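Student: I am new to this structure, and I would like a close look at one single part of it rather than a quick tour. Please choose a part, go through it slowly, and then set it against its surroundings.

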Amino acid sequence: MNIKNRTLFIADNLDILRGINSDCIDLIYLDPPFNSKRNYKAPIGSPAEGAEFKDIWTDADIKYEWHGQIAEQHQELYQVIQAAAATYDTSMKVYLTAMAVRLFEMKRILKPTGSIYLHCDPTASHYLKLVMDSLFGKKNFRNEIVWCYTRMSAKGQKKLSQAHDLIFWYSKGSEWTFNVDPIRLPYAAGSKDREGYTLNRLGSGYSKEGKTVLNPLGKFPEDWMTHIPYLRGKERTGYPTQKPLKLLHRIIKASSNDGDLVLDPFCGCATACVAAEQLGRQWIGIDISPSAEIITKLRLDEASQQGKLINPVPMTEVFVQTEPPKRTDVPDADAQMQLPKAHTHKHELYGKQEGKCAGCHYFLPFRNMTIDHIVPRSKGGTDAKENLQLLCNACNATKSTRSQSEFIEILKEQGIRPSDDI
């Protein structure tokens, strides 16, 4: 591992994720923005004062190269993202593109036995589920966890109160950590009443004689949770999207062991980091807001003073960094910051052209596109990015050494482009 325990990065998480060695994280929990079209800001006077983030997505939030990376590595995912734009709007396409390039890296850095929990709400959950199925494989989907809570309704509200979040749990491979005993729940009164009775049934929870046997640690939990209330009381920091420590305790207990490494790439007010510390796990947090350092240290200090940490953490042992780490598992550590490219600017061009050929305007897979010079090199054209475009194989063969303007005229004559097209 190329990063120390208790490291907090204040930076864009994509840069940091690209600098982490492969196959080294046991558990990832992320509670990212949900494309809610809102700006969030902690109230003045709260412990999280100064923390803010926007959840409004535009083309300025992504790079053209990301389109090409997704299209090259996961063409089916690129089509999912395109469909989301048509179904929802362009902002969902932008949001999913930004999430996908980060999830690429999260999958890479997970151990083969690692798990990832993606926390979301109904705004984008169904789109994110398709993204996760594509990247991690539907066979590695473990659970859709529904966290139910209660909250006050708004005045004049004309729909049911939205009072649940979704958490998608995926493993990286066919083997994964799952500890059920630490997360068992109390039996219902009806179950307790049946203990010891002989029933005509065998299986889990029954003896060979068919008698009901209850586990002394509690019942096997379901994929819905109603026993963890929405955040309340002294635990509140004022951070807009803070989640309860009990929720993170449950996830970390279930999918990691003592000493395992937990990563939260959108750590915000550090709930996952604090929970990991309380449970004797190692942790890494990433957040783009400088206020994350203040609130993380504050919460760890409070937990230490309250005796809620296995080993009290001196603040000198929380390492804050702003620069990406250097990978030690690849020959060229500097290459980590570069997107994989077929050649020249192909990824960026694919994004700019939205996957469409610059000749026939048909949408095509990344692999079917070829770099072409708008002004051929034989006529003085250069390799400058402004003189490059992508053509499908058929258009590239037809264009040959012609200039783009000459080529467009041929397409008009063939009826492939409208006669009044420029």
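Tutor: A residue counts as buried when its relative accessible area is under 20%, as exposed when that value is over 50%, and as partly exposed in between. With that cut-off in hand, C269 can be placed, because its relative accessibility of 3% makes it a buried residue. Please keep in mind throughout that this is a predicted model.

The part I have chosen is helix α8, which spans residues 271-278 and is mostly covered, with eight of its eight residues buried. Going along the helix, these buried residues are T271, A272, C273, V274, A275, A276, E277 and Q278. They pack against several other elements, namely the strands β2 (25-30), β9 (261-264) and β10 (282-287), together with the helices α7 (245-255) and α9 (291-305). Just after α8 comes G280, whose phi is positive, at about 75 degrees.

One of the strands that α8 packs against, β2, covers residues 25-30, and I25 deserves a look of its own. Leaving aside residues up to four places away in sequence, I25 touches M1, I109, L110, K111, G114, L261, L263 and I284. I25 also belongs to the largest nonpolar core, a set of 70 residues in which I25, I28, L30, L96, L103 and I116 touch the most other members. Helix α4, residues 90-109, gives the most to this core, contributing twelve residues. Apart from this core lies another one, of 33 residues, which includes I10, I145, W147 and C267. As a general background, nonpolar side chains in soluble globular proteins tend to be buried together.

The cysteines bring us back to C269. A disulfide is a covalent bond between the sulfur atoms of two cysteines. For C269, the closest cysteine sulfur is that of C267, at 8.4 Å, and because a disulfide needs the two sulfur atoms within 2.5 Å, this is too far for a bond. A second case is C357, which has a relative accessible area of 1% and is therefore buried. The closest cysteine sulfur to that of C357 is in C395, and since they are 3.8 Å apart, this pair is also too far for a bond. A search of the whole structure finds zero disulfides.

For a second helix to set beside α8, consider α2, residues 64-73, in which W66, H67, G68, Q69, I70 and A71 are the buried residues. What covers these residues includes α1 (13-18), α3 (75-87), α4 and α10 (346-352). Helix α4 thus comes up twice, as part of the cover of α2 and as the element that gives the most to the largest nonpolar core.

The positive phi of G280 leads on to two residues that are not glycine. Most residues other than glycine have a negative phi. R6, however, has a positive phi of about 65 degrees; it is placed in the segment before β1 (7-10), and it counts as buried because its relative accessibility is 13%. S400 likewise has a positive phi, near 50 degrees, and it is found in the loop between α11 (393-399) and α12. At 45% relative accessibility, S400 counts as partly exposed.

To see the setting of all this, step back to the whole protein chain, which has twelve helices and 13 strands. Its C-alpha atoms fill a box of roughly 85 × 60 × 55 Å along the principal axes. Of its 422 residues, 50% are buried, and its accessible surface comes to about 21000 Å², with 52% of that area belonging to carbon and sulfur atoms. Among contacts with a sequence separation of 6 or more, 69% join residues 24 or more positions apart.

Two pairs of residues give a sense of distance across the chain. R194, found in helix α6 (residues 189-194), counts as partly exposed because its relative accessibility is 43%. From R194 to N396 the separation is 202 residues in sequence and 75 Å in space, C-alpha to C-alpha. P418, in the segment after α12 (404-413), is partly exposed at 44% relative accessibility, and its C-alpha lies 29 Å from that of G380, a residue 38 positions away in sequence.

Methods:
Residues are numbered from 1 along each chain as its sequence is written. This is a predicted model: local features need pLDDT of at least 70, side-chain atom pairs count only at pLDDT 80 or more; totals for chains, interfaces and linings use all residues. Side-chain values use heavy atoms; hydrogens and water are left out. Helices (H or I, at least four residues) and strands (E, at least two) are DSSP runs, numbered from the N terminus. Buried means under 20% relative accessible area, exposed over 50%, partly exposed in between (1.4 Å probe, protein chains only). A nonpolar core is a set of buried Ala, Val, Leu, Ile, Met, Phe, Trp, Tyr and Cys residues joined through side-chain atoms within 4.5 Å. Contact means heavy atoms within 4.5 Å. Accessible areas come from the Shrake-Rupley method with a 1.4 Å probe; for residues, only the protein chains shown count as cover.
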